[in-house]
Amino acid sequence: MKPLLSTYSSKLRALRRLGPLGVLLLAAACSPFKLLRPGQRLLSRVEIKGVEQADKERLTALAQQKPNTRFPLPKLAIYQLGYNFYDSVRIKNKLRDIQASYAAKMKAAGTDSAELGKLLARRERKVTRKQLALDKGNAIMRLGEAPVVYDTTLTRRTVEQMTTFLHSQGFFRATVTATDTARYRHSRFLKLMGKVFNGKPDSLDLAKLYRRATVTYAITEGPPFLYRLQEPSIPDSGVAAVVRQAKAASLIHENERYNEEIIGQERTRLETLLKNAGYFDFRPQFITLEADTSYEKFTVRLRTFIANPGPAQGHRKYTIRQVRFVTDAGIGRTLRNAAGDTLRRAGTPGALRARPNLGLRTDTTVTDSVHFAAYQQKYSTSLLARKVLVRPGQLYNLTRTQQTQRLLSDLDMFRFSTVSYRKVPDPPAADSAGLHPTTGELNAVINASPAPKFAINDEFGATFVANLAGPFLNLRLKTRNPFGGAEVLEFGVRAGLEGQLVRVATENQTQQSVLTKQLGATASLTLPQFLVPFRTNHFLTKYNPKTRFTLSETYVDRPEYTRSNFEFAFDYIWQRSAFHQYVFSPVVLTLVNSDPSPAFAQRLEDLKVTEGSSLYRSFNKQIEPSFGFTSLYNSNDFNQTRNAQYLRLAVEFGGLTRSLYRQPLFDATNLNVYDFARLSADYRRYYRLTPQTYFVWRLNGGVVHAITRTEGDYVVPYDKSFFAGGSTSLRAWQPRRLGPGGYTPLLPDNTRDYLTEQPGELLLEGSAEYRFPIYSFIKGAVFTDFGNVWGLQEKKDPITHEYFRENAQFQLDRFYRQLALDTGLGIRFDFTFLILRLDLATKIYDPTALSGKRWALRYFDSSANPIAFNLGIGYPF
């Protein structure tokens with residue numbers, strides 16, 4: 001690249017102004033054909049045609065070669081840029097120098113083993129780094145992608161796999177053909193760059209023709225083959241009866257298209273069905289679904305065969321004879337090791353027969369027909385017995401076994417818990433052979449290893465809010481089984497400084513960022529059962545019921561005010577499935593104490609007079625009694641790597657009985673009580689496009705309404721209001737600064753107010769995000785957000801009957817024109833256990849801007865539309 005820049009430097013004056021962007025443009029202008037060897041072609045495009053009924057996405061995934069990624073990053077252009085600085089000879093020489101240098105250092109170290117170990121470790125690190133650069137290119141090349149060289153062998157393999165897939169989907173007459181068309185595409189951008197770098201025509205132009213290849217897979221599906229179901233063939237009458245009773249749950253139906261995946265799922269269903277019916281020894285190998293296509297044109301005659309385990313042998317059912325629960329598995333070995341049991345470790349026959357007496361024996365307790373064994377019982381056996389769904393006298397059941405393991409795992413008391421079975425030898429008179437074998441017996445053994453009684457988690461870091469970095473520290477102590485009933489007791493403290501914009505602007509005040517002090521403490525006790533006066537835990541066990549008590553205190557010290565929130569919550573928690581959880585909170589009590597500064601109190605009074613704002617009421621002393629219900633469904637994992645859904649529905653009512661005590665309470669304690677009803681919904685959808693790329697979208701909304709008036713005003717507690725803007729909302733706006741509706745907040749001097757928080761009573765927002773890999777643990781994202789908040793009970797001027805805050809009230813005929821819009825880019829550092837996120841966003845449309853300036857993208861990087869930086873932990877949604 002140096003000769004190119006020096007030769008044409010006089011022609012690059014316009015590009016020099018672009019700085020690094022000019023370098024990228026030059027790199028993109030370089031032909032990718034320079035990276036190809038003679039005779040090689042660059043795969044430019046893959047097309048699939050003719051698909052009408054089959055899964056086109058699955059067929060596309062079967063392509064063995066795909067073109068280089070162009071969106072959102074031009075990976076080939078990045079690779080080319082790195083290739084210009086790549087010198088394999090230089091890397092080999094450095095590798096040789098490293099080997100020689102460390103050989104001399106190791107020789108000088110002599111017999112010093114410590115020094116030799118350090119030298120070996122350093123040499124390995126440097127050699128590994130250079131070898132990686134030699135094998136896969138420098139860091140820039142590894143950030144991009146090497147050119148995909150078209151390979152006809154892989155095309156033929158793709159044709160075979162697509163044909164096999166189509167046959168498995170019922171298209172037995174399907175054919176797949178592949179054609180590759182070589183072409184040369186001269187883009188408009190390259191033509192433009194050619195005018196800048198005008199010189200002699202490349203002598204290889206003719207050779208470069210047809211260096212790009214487009215592969216087209218033409219698919220002829222043909223008519224699909226449909227099922228004709230035959231009566232199953234099951235010689236064992238007991239197995240046949242079980243299958244016949246569950247026939248309605250079959251996944252295969254008459255006249256549906258043949259599908260091998262569904263057939264595999266049907267085999268799994270039958271296996272689980274029979275294992276739940278007591279057939280412990282049943283294996284999927286006994287199940288065969290035979291397909292015959294010679295019966296009728298475009299039909300598959302399908303018959304289910306379930307074979308017996310052997311000639312003249314039937315399948316045997318098993319019942320549970322005994323259930324043994326070892327609550328301290330592994331403790332015995334630890335005790336023997338601590339007592340110096342060296343004879344058993346010696347390995348001689350005599351030593352194996354001899355064993356020292358530790359003076360300890362396992363204590364066995366029988367509770368609800370379950371035998372609990374431990375050196376010392378530390379857990380409530382009656383509670384553990386409710387978590388065991390396997391009982392003596394029951395037929396073996398795979399589902400109950402799995403549910404027992406899940407319930408024990410959810411207790412958070414054990415490192416691991418396993419349920420295994422041991423066959424009881426048959427008595428001499430039992431005849432297990434024949435078509436009708438006798439019922440066998442099993443002993444169920446549950447081994448659980450206790451988790452540590454205490455666990456301490458600490459977290460420290462920094463937030464970046466309002467262009468200020470603030471450190472924080474979190475400490476949490478967990479105590480397991482403090483009262484012997486498998487309870488979990490947790491204590492937590494939090495301290496930190498966090499950047500914030502001043503809450504309410506005053507006249508002629510510019511945007512100001514301050515560090516606020518935040519202190520918090522929490523205590524929670526979780527019981528593994530419902531705390532109710534009547535017995536419900538037996539039939540609710542499979543829902544994993546829990547009762548939780550929580551106390552929390554949060555203190556915030558800001559220049560404008562100090563505010564403390566004390567909250568007590570009493571919750572019932574249960575699970576419908578592994579993904580679906582319910583929370584009913586019959587008692588939630590919040591006590592708020594605020595102390596505003598005189599200037600801040602005056603500004604609140606001004607807002608009351610000029611806008612009819614009831615915000616001033618949110619900064620007095622108040623108590624918020626409420627109750628609520630939450631449903632949470634989440635099928636994703638921590639790192640969000642699945643095709644999944646998330647739905648959170650929450651409803652809350654507060655202050656319904658305040659008429660009984662509001663005035664006496666205010667007279668005695670100066671505490672205000674407000675009533676409200678609040679509903680919120682949050683839906684998220686995760687699409688896994690490839691193993692490393694995802695498309696995610698979210699819709700979030702809510703409404704809160706004051707039920708009755710308080711001294712003539714409809715007042716919603718500040719903590720129950722909705723807000724828009726921030727790192728998990730519309731990311732181009734500062735937290736809580738967007739809205740309401742199309743209202744433009746102004747200062748007394750009629751300048752735009754960017755600082756005052758804008759609570760609303762109705763929220764509607766959404767986001768869409770495309771996530772993709774960049775390099776190793778570094779991931780990227782392109783996103784857009786939309787939404788706003790509105791008022792529902794805005795005050796009107798008693799004379800003009802106009803709203804004090806124009807366009808702040810939600811109205812069906814105009815709300816869609818008041819939706820804000822932004823876009824941006826994100827970088828995520830995915831360390832598996834921790835995800836650090838940096839999002840950069842800019843406004844596209846701002847409905848609260850002054851008339852004529854609402855298309856904010858025209859004012860990019862100005863005071864009206866500065867680039868917003870959002871730093872956080874975890875994904876935004």
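Biologist: How much area does the protein chain expose, and what share of it do carbon and sulfur atoms supply?

Modeller: In this predicted model, the protein chain exposes about 46800 Å², and carbon and sulfur atoms supply 56% of that. Buried residues account for 42% of the chain's 877 residues.

Biologist: Why is phenylalanine 584 called partly exposed?

Modeller: Its relative accessibility is 32%. Buried would need under 20% and exposed over 50%, so phenylalanine 584 counts as partly exposed. This residue sits in strand β18, residues 580-596.

Biologist: And what makes Phe584 part of a nonpolar patch?

Modeller: Patch members need over 30% relative accessible area, and phenylalanine 584 has 32%. Phe584 forms the patch with Phe627, Phe629, Leu656 and Ile707; together they have about 410 Å² of accessible area.

Biologist: Now helix α20, residues 598-611. How do you know that its end C-alpha atoms are as far apart as its 14 residues should span?

Modeller: At 1.5 Å a residue, the expected span is 20 Å. The end C-alpha atoms of α20 are 20 Å apart, so the two agree.

Biologist: Which residues of α20 are buried, and why say they line one face?

Modeller: Phe600, Arg603, Leu604, Leu607 and Glu611 are the buried ones. Looking down the axis of α20, they fall within an arc of 100 degrees, so they line one face of the helix. Their cover includes β17 (561-575) and β18. Over on the other side of α20, Pro598 and Val609 are exposed.

Biologist: What comes just after α20?

Modeller: Glycine 612, with a positive phi of about 70 degrees.

Methods: Residues are numbered from 1 along each chain as its sequence is written. This is a predicted model: local features need pLDDT of at least 70, side-chain atom pairs count only at pLDDT 80 or more; totals for chains, interfaces and linings use all residues. Side-chain values use heavy atoms; hydrogens and water are left out. Patches are made of residues with over 30% relative accessible area and no salt bridge: like charges are joined within 9 Å, nonpolar side chains (Val, Leu, Ile, Met, Phe, Trp, Tyr) within 5 Å. Accessible areas come from the Shrake-Rupley method with a 1.4 Å probe; for residues, only the protein chains shown count as cover. A salt bridge is a side-chain nitrogen of Lys or Arg within 4 Å of a carboxyl oxygen of Asp or Glu. Helices (H or I, at least four residues) and strands (E, at least two) are DSSP runs, numbered from the N terminus. Buried means under 20% relative accessible area, exposed over 50%, partly exposed in between (1.4 Å probe, protein chains only). The expected span of a helix is 1.5 Å times one less than its number of residues. The arc is that of the directions from the helix axis to the C-beta atoms. Contact means heavy atoms within 4.5 Å.
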